[in-house]
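Here's a short set of exercises to work through with the model open beside you. Try each task before you read its solution.

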Amino acid sequence: MLIIGIAGGTGSGKTTVVNKIINSLPPGEVAVLPQDSYYKDLSHLPVEERGKINFDEPAAIEWSLLEKHLEELKKGHSIEMPTYSYLTCTRQPETVRVEPREIVIVEGILVLTDPSIRKMMDVKVFVDADADDRLIRVIARDCVERGRTPEAVITRYEKVLKPMHNMYIEPAKRFADLIVPQGGNNIVAINLLTDYIEARLRKERLKTKQEE
């Protein structure tokens, strides 16, 4: 099993890169664990308090559960991945069953910030994009998917997203094995990444065959 971490700023194009990797490989070979599924449950807090939580710092993530799930997948066990609601800031009763696959992608803005999770990764990728491009994507996404107004998104960007990006996300770039400039539009970098993944898979399969 190869564990691949894909990080980058909000709106950098991480999901696009992940989808292009999945589409370039045979069906059923990739499992994806989004960091956002592992936000800590805030159901114990009053609704007005939940809106004050900073979701763009490492403390917002239940890293221990993500680490446990990665360990279970490496052992060949399925997991029940949590689901999270941005509207209520709570973990939902429903879970998603994830089966072990040859490739597991851990994707999210902060996935390279946690030392324990980083240590489990075989390949670490940082998807880079200009701040202006990221802001445009964030406005489009949050207005449509999360019911926010453009003004609210811009205010949040200036007060939370930008400072947290500079404090946590951008510094994590130094841990990356590969940096993908221009986000999901960089076909050359994505092709190099998928070629590398396929080569690693062939090597792992050969090793397993020799051990049998």
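## Exercise 1: a covered strand

Strand β1 is mostly covered, with seven of its seven residues buried. Buried here means under 20% relative accessible area, with exposed over 50% and partly exposed in between (1.4 Å probe, protein chains only). Helices (H or I, at least four residues) and strands (E, at least two) are DSSP runs, numbered from the N terminus.

Before going on, a word on ground rules: this is a predicted model, where local features need pLDDT of at least 70 and side-chain atom pairs count only at pLDDT 80 or more, while totals for chains, interfaces and linings use all residues. Residues are numbered from 1 along each chain as its sequence is written, and side-chain values use heavy atoms, with hydrogens and water left out.

**Task.** Sort the residues of β1 by the way they point, then find the strands that β1 pairs with.

**Solution.**
1. Recall the general pattern: in a regular strand the side chains alternate between the two faces of the sheet.
2. Now sort: L2, I4, I6 and G8 point one way from β1, I3, G5 and A7 point the other way, and all are buried.
3. Look for pairing, which takes at least two DSSP bridges between two strands. β1 is joined to strand β5 (residues 103–107) by five bridges, and the two run parallel.
4. One place to check this is I4, whose bridge partner in β5 is I105.
5. Strand β1 (residues 2–8) also has five bridges to β6, again in parallel. Along that pairing, G5 goes with K124 and G8 with V127.

## Exercise 2: on to the next strand

**Task.** Work out how β6 is covered, and follow its bridges to β7.

**Solution.**
1. Start with the count: in strand β6 (residues 123–127), five of five residues are buried.
2. Split them by side. V123, V125 and V127 lie on one side, K124 and F126 on the other, and both faces are covered.
3. Step across to strand β7 (residues 178–180), which runs parallel to β6 and is joined to it by three bridges. In β7, L178 is the bridge partner of V125.
4. Go back to K124 and look at R118, since K124 is one of the contacts of R118, alongside L112, T113 and F175, once neighbours within four places in sequence are set aside. Contact means heavy atoms within 4.5 Å.
5. R118 sits in helix α4 (residues 115–120), and it counts as buried because its relative accessible area is 16%.
6. Finish with a distance: R118 and I3 are 115 residues apart along the chain, yet their C-alpha atoms are separated by 9.7 Å.

## Exercise 3: the cavity

**Task.** Which residues line the largest cavity, and which helix gives the most to the lining?

**Solution.**
1. Get the term straight: on a 1 Å grid over the protein atoms alone, a cavity is a set of points where a 1.4 Å probe fits but cannot get out, and lining residues have an atom within 4 Å of a point.
2. The structure holds one cavity of 30 Å³ or more, and the volume of the largest is about 30 Å³.
3. Its lining is made of T10, D56, R134, L161, H165 and I169. Helix α6 (residues 150–169) gives the most, with three residues.
4. Take L161, which is in helix α6. L161 counts as buried because its relative accessibility is 4%. Beyond four places in sequence, L161 contacts T10, D56, V138 and R156.
5. Now take D56, in the loop between α2 (47–50) and α3 (63–74). D56 is buried too, at 3% relative accessible area. Leaving out neighbours within four places, its contacts include T10, I109, R156, L161 and Y168.
6. For a long-range check, L161 and N54 are 107 residues apart in sequence and 9.2 Å apart in space, C-alpha to C-alpha.

## Exercise 4: the whole chain

**Task.** How many helices and strands are there, and in what order do the elements run?

**Solution.**
1. Count seven helices and seven strands.
2. Read from the N terminus: β-α-β-α-α-β-β-β-α-β-α-α-β-α.
3. Add burial: 44% of the 212 residues are buried.
4. Lastly, among contacts with a separation of 6 or more, 74% are between residues 24 or more positions apart.

Definitions and conventions:
On a 1 Å grid over the protein atoms alone, a cavity is a set of points where a 1.4 Å probe fits but cannot get out, and a pocket is an open set with protein on both sides within 12 Å along at least five of seven lines; lining residues have an atom within 4 Å of a point. Grid points are joined across faces, edges and corners, and a volume is the space filled by probe spheres set on the points.
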